[in-house]
Amino acid sequence: MPLRYLLFLLLSTSALAQTTETYYLSGTDKDHRVDWDFRIDRGRNSGEWSKIAVPSNWEFEGYGVFAYGQANGPDRPGWHELMPEVDATAVYRTTFTVPANWSDRHVSIVFEGVMTDASVRINGQSAGPTHQGGFYEFSYPVTELLRPGQNELEVTVNNVSRNASVNRAERDADFWVHSGIHRPVYLEAKPRQHIRRIATDARADGTLTVHLFPQGIQSSTLRARSQVQRPDGTPVGPPLTTPLAASDSLVVLTGRIPEVEPWSPEYPNLYQLVVSIEDEAGTTLHEMTERIGFRTFELRPRDGFYLNGQKIRFRGVNRHTSWPTSGRTTSRALSVVDVNLMKDMNMNAVRMSHYPPEKHFLEVCDSLGLLVIDELTGWQDAYDTVVGRRLVEELVVRDVNHPSVVLWANGNEGGNNYALLGDYRRYDPQDRTVIHPWGLVNDTYTFHYADFNCCGGAFFDGTEVFFPTEFLHGLYDGGHGAGLADWWREMRGKPLSAGGFLWVFADEGVARGDSIDTQGNKAPDGIVGPYREREASFYTIRDIWSPIAIERQRLPPGFDGRLLIENRFDFTDLADCSLRTALVDFPAPNTTAGVDTVATSTVNLPSLAPGLSAYVDLDLPEDWEEHDALELVATDPHGRTVMYWTLPISEPAEVAARITDAALAPSDGEAAPQTTETDAMITLSAAGVTVSLDKRDGTIASVRNTAGPIAFGNGPRLTMDTATLRSVTQRTEDGAAVVEFIFDGPLDTLTYRMLPSGLLQLDYAYFPSGEHDFMGITFDYPEDRVTGVRYLGDGPYRVWKNRLRGVDLGLYEKAYNNTVTGESWDYPEFKGYYADLYWATVETTEQPFTLLTATPGKYLHLFTPDSPRGATNQHTEGRFPIGNVSILDAISPIGTKFKPAERVAPSGMPNQFRGHRGGKSIWGGRLWLDFRAR
């Protein structure tokens, strides 16, 4: 049985005779579609009748030409050369049979979205004026056009609008401009006397106002009625009623519903609102049901936004509707995935940039809890007033009842038609505030991509409520989490700050065979990849926006077990959350052992209101200091993990001592280390390990063990200025062969100690000064021989100087990959910087080798990521040492698409060094090199 008939039969029982009946002519989403007849006049597979699945974007079905807005807008250079391919007209046809019992019904045909101009004919007759605007729901009354038996629907679609302002607003834009009938199409049947639509205002105190718009009313003795219900149908409070006369075009029901639970992102409580028209005998003539939430959202000028009386800040992101294999045709299941990903990042808001989303996305925001900015299209150019007024009506009428929708955005970045500002309230009884992204209007300022220290008192310290609706523009691995800690600290400290919205949620890519096209560097801007692969910033954002914040990053000796916790929720008491703890021990390198969890517990959290802090007793066992780390997992009242922390207990020196003590102790029958010298080399050897040192600069020239050579060397070199060798000395000390190199210059000393076990100890010191992107020592190893790494340190994602949060101390194993963030999506990336190194074993095709540090706070640089193959951007390409295996004291930051790191936030400023303290180097450390055969 075809899908559309099945859906109709499920809805058209006698019990539903007084409700609206829906008959799908298309499928319902990207995974459930119906074939229609199709012909397109230009581009791929043009000129012949064939079949196309509806809903869909025709480019993904093998027709027309893919086009990215900025590159293909009609006002762009080269447009006229592209126009023969891009400017396509397609004709869709399908047949359907109207149910016999619809003869006395009012029937409309509804299109949820067609890109761009749509002309509709039924049985050869026009259904109404051509609709212009690709992201809006529109309908036509078609009762008089239908006939018994089979009917024919024909839709002519022009992907380039015949209205120039529509093209400027929708096509000359920074997003893909896919074409066709991309959202569902269906018939709606209502009784002749029916409710055309409703618009509600449900306040947190239970006050309810319902605007009911009747149609076809013939009697003056009817009444309108509304009843609030719980999701299970249980009535809440008394019904609201009011008389309804034939002359009424609007009736208003108002009253107060007792004991409602308000809606918020933390507690998205929803109700059913059943609205009906009844005759004088109480018989229902028509009934419709909407989901609503009781909430009060308000802008208080020169103060901020308040939800249910609580001042809130947006922790938000921008979202385009996009899926690599279906474009803007998506599904409710994908909406659930996207909203859950946002919630998992501890976001409370999303902006619908730069067009209204599919309906099911807003329904999921209602049910899972996200605040929504709903936006009229207008990417830097606005609709003309005639078209704009109709599209504002379509936008607001469709979305007005969603509790998640708290603001309207009237276009974007200068694409604002001021003549439309007053139109929103005509359809919205809540009179939601209308904003202009990047603009100043209605006591709000939303400027995009400001420098951190921009413009004196114009932003955070101005007079308007300030919330950038786009900031920290992502590109490849830059933006998003990089600098966010600085921005959020600033936002939390400024009374007029209302938070902000990161750009953007997902890389917007088009699947082309085995590759993903992101139009060079125009569309790989996401926190997640095209198929929702999580990038490193995902976890950074989760950490910074965690509603449960803790004071410490490490547990010091003598820690008393009391941890300071801050409740950063808006509505949730800390006692309604949970905190689990676990003590863990980490294995030594060169073993197959894993992490050992030795003690777990659940912490009793105290009652603590939002905005307050308190000490919590972790109730640790007496031997807690004998373990390596404490894991903490915090969950919200719904069981969602809001944050995961690993607090180190053992420092690198303690872990290194456990590993190296056996190597330092004398062993029966173990030969003493040997030192040999030539004109060019000093060679240290013990237990089958041979390391040759270049006498000119102290670098490792070659390494061998009993299994063969290891191509590790050409270091340690300082990552800054060269130094001049002053002297070389050799000695035997505590059973070890020692070679010491002393330098004049930034590098001070290199001291090698070959132990009888074959373990090589390297102590180094240096005196840096000035500004540097990175600082430390570096070595070489052929990248083409690397197969993976097993390490103890922060991970599994790489870090930057201005994006250190969101990674946790742990044991990680990673296979080699050559991921270029935003061009390939094999995450986490292998190459880059890693923080808080304890040890790392590099797996290779020849032999593994291990680096073990006894000095805290070291970074591991593990090879240098490739540059993007497409369009590059100097701000988002990180800076790395020349060597490819480095132990560093400082690493470089990363910028955003538009700004270098130093202008993004203070944490992106260059590293400053002062050399030494009291004549003694404060930079350097102890590194163990293990080249022994396994």
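Reader: How many salt bridges does a search of the whole structure find?

Author: The search finds 59 salt bridges, and I should say at once that this is a predicted model.

Reader: OK, take R93 and E154. What do their side chains do?

Author: The side chains of R93 and E154 meet in a salt bridge, with N to O at 2.7 Å. The two residues come from distant parts of the chain, since R93 sits in strand β4 (residues 89–97) and E154 in strand β11 (residues 150–158), 61 residues apart.

Reader: And is E154 buried or exposed?

Author: E154 is buried, because its relative accessible area is 17% and the cut-off for buried is under 20%. Its partner R93, with a relative accessible area of 30%, is partly exposed.

Reader: Which residue does R805 meet in a salt bridge?

Author: R805 meets D543 through their side chains, at 2.9 Å from N to O. R805 lies in the loop between β54 (786–795) and β55 (808–815), whereas D543 belongs to helix α10 (residues 536–544), so this pair ties together parts that are 262 residues apart in sequence. As for accessibility, R805 counts as partly exposed at 34%, while D543 is buried at 12%.

Reader: What about R731, which residue is its partner?

Author: R731 forms a salt bridge with E733, and the closest N and O atoms of that pair are 3.0 Å apart. R731 counts as partly exposed at 33% relative accessibility, and E733 counts as partly exposed at 29%.

Reader: Which residues are linked in a network of salt bridges?

Author: R319, D338, E358 and R532 are linked in such a network. R319 also turns up among the residues that V350 touches, when residues up to four places away in sequence are not counted.

Reader: Let's go to V350, then. What else does it touch?

Author: Besides R319, the residues touched by V350 include V317, M342, F361, C365, L370, L371, V372, I373 and F501, again leaving out residues up to four places away in sequence. V350 is also one of the residues that touch the most other members of the largest nonpolar core, which has 86 residues, and M347, L376, W487 and L502 are named alongside it. Apart from that core lies another, of 49 residues, among them L718, L762, Y766 and F913.

Reader: Why would nonpolar side chains be grouped like that?

Author: The general tendency is that, in soluble globular proteins, nonpolar side chains are buried together. For this model, 61% of the 934 residues count as buried.

Reader: Switching to helix α7: how far apart are its end C-alpha atoms?

Author: They are 21 Å apart, which agrees with the 21 Å that the 15 residues of α7 (residues 385–399) should span at 1.5 Å a residue. At the start of α7, a side-chain oxygen of D384 reaches to within 3.2 Å of the backbone nitrogen of V386.

Reader: Which residues of α7 are buried?

Author: The buried residues are V387, G388, L391, V392, E394, L395, V396, R398 and D399, so the list includes charged residue types such as E394, R398 and D399.Reader: Zooming out, how many helices and strands are there in the protein?

Author: There are 12 helices and 64 strands. The radius of gyration is 33 Å, close to the 30 Å that the globule rule gives for 934 residues, so the protein is as compact as a globular protein of that length. Along its principal axes, the C-alpha trace spans about 110 × 65 × 55 Å.

Notes: Residues are numbered from 1 along each chain as its sequence is written. This is a predicted model: local features need pLDDT of at least 70, side-chain atom pairs count only at pLDDT 80 or more; totals for chains, interfaces and linings use all residues. Side-chain values use heavy atoms; hydrogens and water are left out. A nonpolar core is a set of buried Ala, Val, Leu, Ile, Met, Phe, Trp, Tyr and Cys residues joined through side-chain atoms within 4.5 Å. Buried means under 20% relative accessible area, exposed over 50%, partly exposed in between (1.4 Å probe, protein chains only). Contact means heavy atoms within 4.5 Å. A salt bridge is a side-chain nitrogen of Lys or Arg within 4 Å of a carboxyl oxygen of Asp or Glu. Helices (H or I, at least four residues) and strands (E, at least two) are DSSP runs, numbered from the N terminus. The expected span of a helix is 1.5 Å times one less than its number of residues. A polar contact is a pair of N or O atoms within 3.5 Å; within protein, one must be able to donate a hydrogen and the other to accept it, and residues adjacent in sequence count only if both atoms are side-chain atoms. The radius of gyration is taken over C-alpha atoms; the globule rule is 2.2 Å times the number of residues to the power 0.38.
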